[in-house]
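Thanks for coming. I have one structure to show, and I will keep to what can be read from the coordinates.

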Amino acid sequence: MVMFEHPNALASYLVLILGLGLGLILLQSVQQRGVADRSRKLQRLYPPGWLVYAAVYLNLLGIFSSGSRNGMLIAISQLVVFSLFVKTNRTVLISGLLSLLAVVVAAALVGIGGRAVSLEGLTDDPRVGVWQIALELIRERPLLGWGLGNYKFLYPARIIDPVFDKIFHPHNFWLLLASEAGLLVMVGLTVVVGYVCFRAVHLLVTKQLAASDRPLMLGYLFAFWGCVAFALFDVTFYDARINVLNWIILAGIYSLTESSVAKPIAPSMLC
């Protein structure tokens, strides 16, 4: 609360760091197998393996303690995908599965942030009403929107439940952007960012990345997935630190993608 002022902002930051931590675990696993020639030169720059594992487990504890359901669901999704990518390394796989099991069991036994996990709690979420109001605003002015920052002024006149009269955004990044800046801006930004991520995933799936680059790319993608998934249910870019970190991670994805595409035609690679 001292650093981020809201539990969701803390959880949003932690899922980013969790993604990077999982990527670092994969990178160290590759180093141990002796296939990451370029990364082995930088081995001294990385912390010991046990310290990375401890940091990841403490990160999971922090996400759970924040009480953010969004953060918990995103952490589970990151661990599931992480486990799928490490089938060949038994130690890392067991670590990922144990982390996933611990999160699920803890949520089932004691709830999330003091709230029991139930379908009723999901259907009664006030976000549904907030999303409906955002959709109404989009239908009324679909192309240019109502102006950046105006949702919080238009929302009070349309609320149904006075208990939720102090909601300043639609709790969905795309609904916020479409209602305030218009569908053209929302679609344009989504296409540009989506194309960068698509190229990265394509290179990863088709195994066009070097063995030393795959863990790095996975770490960046895990982290940015935390950003994208969190944006489905909340808007945390108002915290400048989280916003800047999201853009830096996206820049890392783009840079690594461009360097990997350029490698086959680089003079050093042809010699």
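I will go through the pocket, the salt bridges, a surface patch and a few single residues.

Please keep in mind that this is a predicted model.

Let me start with the pocket. The largest pocket holds about 610 Å³ of space. Which residues lie nearest its centre? They are Phe173, Leu189, Cys227, Phe237 and Trp247, out of 30 residues that line the largest pocket. As for character, 19 of the lining residues are nonpolar, eight are polar and three are charged. If you want to find the walls on the screen, look at helix H8, which is 151-154, helix H9, which is 173-181, then H10, helix H11, which is 214-231, and H12. Each of these helices supplies at least two residues of the lining.

Next, the salt bridges. How many salt bridges does the count come to? The count is two.

One salt bridge is between glutamate 258 and arginine 199, where the closest N and O atoms are 2.6 Å apart. Glutamate 258 lies in helix H12, residues 240-262, and arginine 199 lies in helix H10, residues 183-205, so this pair ties together parts that are 59 residues apart in sequence. H10 and H12 are also among the helices that supply the pocket lining. On accessibility, glutamate 258 counts as partly exposed because its relative accessibility is 29%. Arginine 199 is likewise partly exposed, at 22%. The cut-off for buried is under 20%, so arginine 199 does not count as buried.

The other salt bridge joins aspartate 239 to arginine 241, with 2.8 Å between the closest N and O atoms. Is aspartate 239 buried or exposed? Aspartate 239 is buried, with a relative accessible area of 12%. Its partner, arginine 241, counts as partly exposed at 42% relative accessibility.

Now the surface. Val80, Val81, Leu84 and Phe85 make a nonpolar patch of about 330 Å². Phenylalanine 85 is found in helix H4, which covers residues 69-85. With 44% relative accessibility, phenylalanine 85 counts as partly exposed.

That leaves the single residues, and I will take the loops before the helix.

Lysine 207 sits in the loop between H10 and H11. Lysine 207 is not a glycine, yet it has a positive phi of about 60 degrees. Lysine 207 is exposed, with a relative accessible area of 64%.

Aspartate 234 is in the loop between H11 and H12. Where lysine 207 is exposed, aspartate 234 is buried, with a relative accessible area of 5%. Along the chain, aspartate 234 and asparagine 8 are 226 residues apart, but their C-alpha atoms are separated by 8.0 Å.

Serine 29 belongs to helix H1, residues 7-33. Serine 29 counts as buried, at 5% relative accessibility. What is the C-alpha to C-alpha distance between serine 29 and glycine 49? That distance is 9.0 Å, for two residues that are 20 apart in sequence.

To go back over the main points: the largest pocket is lined by 30 residues, 19 of them nonpolar. There are two salt bridges, and the one between glutamate 258 and arginine 199 ties H12 to H10. On the surface, the patch to look at is the nonpolar one that includes Phe85.

That is the end of my part.

Technical notes
Residues numbered from 1 in each chain as written. Predicted model: local features only at pLDDT ≥ 70, side-chain atom pairs only at ≥ 80, totals over all residues. Heavy atoms only, no water. Patch = residues over 30% accessible without salt bridge, like charges linked within 9 Å, V, L, I, M, F, W, Y side chains within 5 Å. Areas by Shrake-Rupley, 256 points an atom, 1.4 Å probe, with all protein chains shown as cover. Salt bridge = Lys/Arg side-chain N within 4 Å of Asp/Glu carboxyl O. Helix = DSSP H or I, 4+ residues; strand = E, 2+ residues; numbered from the N terminus. Buried < 20%, exposed > 50% of the residue type's maximum accessible area, 1.4 Å probe, protein only. 1 Å grid on protein atoms, 1.4 Å probe; cavity = no way out; pocket = protein on both sides within 12 Å on 5 of 7 lines; lining within 4 Å. Points joined across faces, edges and corners; volume = space filled by probe spheres on them. Nonpolar A, V, L, I, M, F, W, Y, C, P; charged D, E, K, R; others polar.
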